[in-house]
Amino acid sequence: MEDDIIYRKLRLILIGFGVIGQSLTKLLLSKSADLYNIYGIKPRIVACIDNKGAAISSSGLDLERLLNIKKSKGTVARYSDKKVAMNSLEIIENTEAEIVLELTPTNLENAEPGLSHLISAMRSGKHIITANKGPLSLALPSLLELADYNGIMFRFSGTVGGGTPILEYAKHCLKGDRIISFRGILNGTTNYILSKMETGLDFKQALSDAQKNGYAEAKPSLDVDGYDAAAKLVIMANWIMGMKVTMKNVNMFGISKITLDDINKAKNKKCAIKLIASCENKVLEVKPIEIDINDPICVDGTLNAVKFTLEHAGEQTIIGKGAGGIETASAVLRDMIEIRDNIINKI
Ligand SMILES: NC(=O)c1ccc[n+]([C@@H]2O[C@H](COP(=O)([O-])OP(=O)(O)OC[C@H]3O[C@@H](n4cnc5c(N)ncnc54)[C@H](OP(=O)(O)O)[C@@H]3O)[C@@H](O)[C@H]2O)c1
């Protein structure tokens, strides 16, 4: 009975039921036995919201049914015949839950709708997990203060490196040492394009190849002009280096002006051109530069790689897939386990 009370304390409000939201739901289904047996977790999604409406059940939504309804009807609002009258902010405020999962699209202009969701969750005392870079890149310093003020846990592993635990590696595994600087490849799309250019395609051809393979959006500016990498750099600088910075603090250059001639000149020097995000002497920069092909961050395709320079332990590099539905959902799940462990430790 006591156990049950603790398990009941993991009620989730899921906002955004696209690639990541649905991948997470599939993970919760496929790993439910492990989650219970290994971590003692029995999560319940008590509200699920997409752009067209919501489904709510205080005892937990049936996850198979939720996925099927989304697939067949296009919205979770059709989960029940009775329409949910509340909007997303009202649902966050009025639904009893421990964690809000914010998985709506990234908006680097005004951070909405994610920013309002996060603020509402914090004000109503709910812990937060997000994979949405928008609010963090524009307002992370004040969001961290607000989270602290409201005594809630705020985690965002999936915003940097997809499923690769870049933020946790720096934050937890390097404890006791001091990170002097870091640099790396934080955007898989541009790395794919530059890797394709190595094979002889020009920028336009490589971009079109990336679009055909689903690695680049129809409007690729977010990636090729460096915004996505800059947003991740801002998150890392705040979370890992304790800096209080936003997008406007990043010197940013994209890859659209890189020519085959530049690629070949680098090749002759046993280098490759990579879009590198760096935090050195507290200066934040995203720009294409030549990297020695033997440098561990010189990875190809859609991989991400970050090299940390430490005061005592020297240089260390972490490499992994930078995006993907199930990969990023695994980062959200990791955050969930950490938050739940912290909740239990406080009881
Ligand atoms: N995909 C990746 O590999 C990846 C990796 C790392 C981080 N991320 C980030 O994770 C977040 C989610 O990505 P995703 O790939 O799952 O995006 P997605 O497939 O576009 O899904 C976004 C979801 O948000 C919903 N939505 C949009 N506006 C909303 C609103 N105002 N209120 C409630 N729901 C709303 C959409 O509703 P509808 O279904 O009705 O359209 C959709 O369900 C994004 O911020 C993305 O940048 C993604």
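Begin by colouring the two parts of this predicted model: domain 1 covers residues 2–163 together with 326–346, and domain 2 covers residues 166–323. The centres of the two domains, taken over C-alpha atoms, are separated by 29 Å. Where they meet, domain 1 contributes 18 residues to the contact and domain 2 contributes 20 residues.

**The side of domain 1 that touches domain 2**

Next, select helix H7 and helix H14 (325–346). Each of these helices supplies at least two residues of the side of domain 1 that touches domain 2. Helix H7 gives the most to that side, with 8 residues. If the side is now coloured by residue class, 9 nonpolar, 7 polar and 2 charged residues should appear.

**Helix H7**

Keep helix H7, residues 133–149, selected and follow its axis. Where does H7 bend? The helix bends at Ala139, by about 95 degrees, and the proline Pro141 follows within four residues. Now show the side chains of Lys133, Gly134, Pro135, Leu136, Ser137, Leu138, Leu140 and Leu143, which are buried in H7. To view their surroundings, add helix H6 (114–123), strand E6 (154–155) and helix H12 (227–241), against which the buried residues of H7 pack. After the helix comes Gly151, a residue with a positive phi, near 65 degrees.

**The largest nonpolar core**

Helix H12 leads to the next stop. The largest nonpolar core has 102 residues, and those with the most contacts inside it are Ile13, Cys48, Leu101, Leu233 and Val332. Helix H12 gives the most to this core, with 11 residues. Why does the core lie between domain 1 and domain 2? Both domains give residues to it, so the core lies between them. In soluble globular proteins, nonpolar side chains tend to be buried together.

Centre the view on Leu233. Leaving aside residues up to four places away in sequence, Leu233 touches Leu186, Val250, Ala277, Cys279, Leu284 and Val286.

**Tyr36**

Finally, select Tyr36, which is found in helix H3 (residues 32–39). Is Tyr36 buried or partly exposed? Tyr36 counts as partly exposed because it has 13 C-beta neighbours inside 10 Å, whereas a buried residue needs 20 or more. Apart from residues up to four places away in sequence, Tyr36 touches Ile41 and Lys42. As a last step, draw a distance from the C-alpha atom of Tyr36 to that of Lys73: the two residues are 37 residues apart along the chain, and these atoms are separated by 31 Å.

Definitions and conventions
Residues numbered from 1 in each chain as written. Predicted model: local features only at pLDDT ≥ 70, side-chain atom pairs only at ≥ 80, totals over all residues. Bend = angle between axes of the 7 residues up to and from the residue. Buried ≥ 20, exposed ≤ 12 C-beta atoms within 10 Å, placed from the backbone. Contact = placed C-beta atoms within 7 Å. Domains from an automatic or database assignment. Nonpolar A, V, L, I, M, F, W, Y, C, P; charged D, E, K, R; others polar. Core = buried A, V, L, I, M, F, W, Y, C linked by C-beta atoms within 7 Å.
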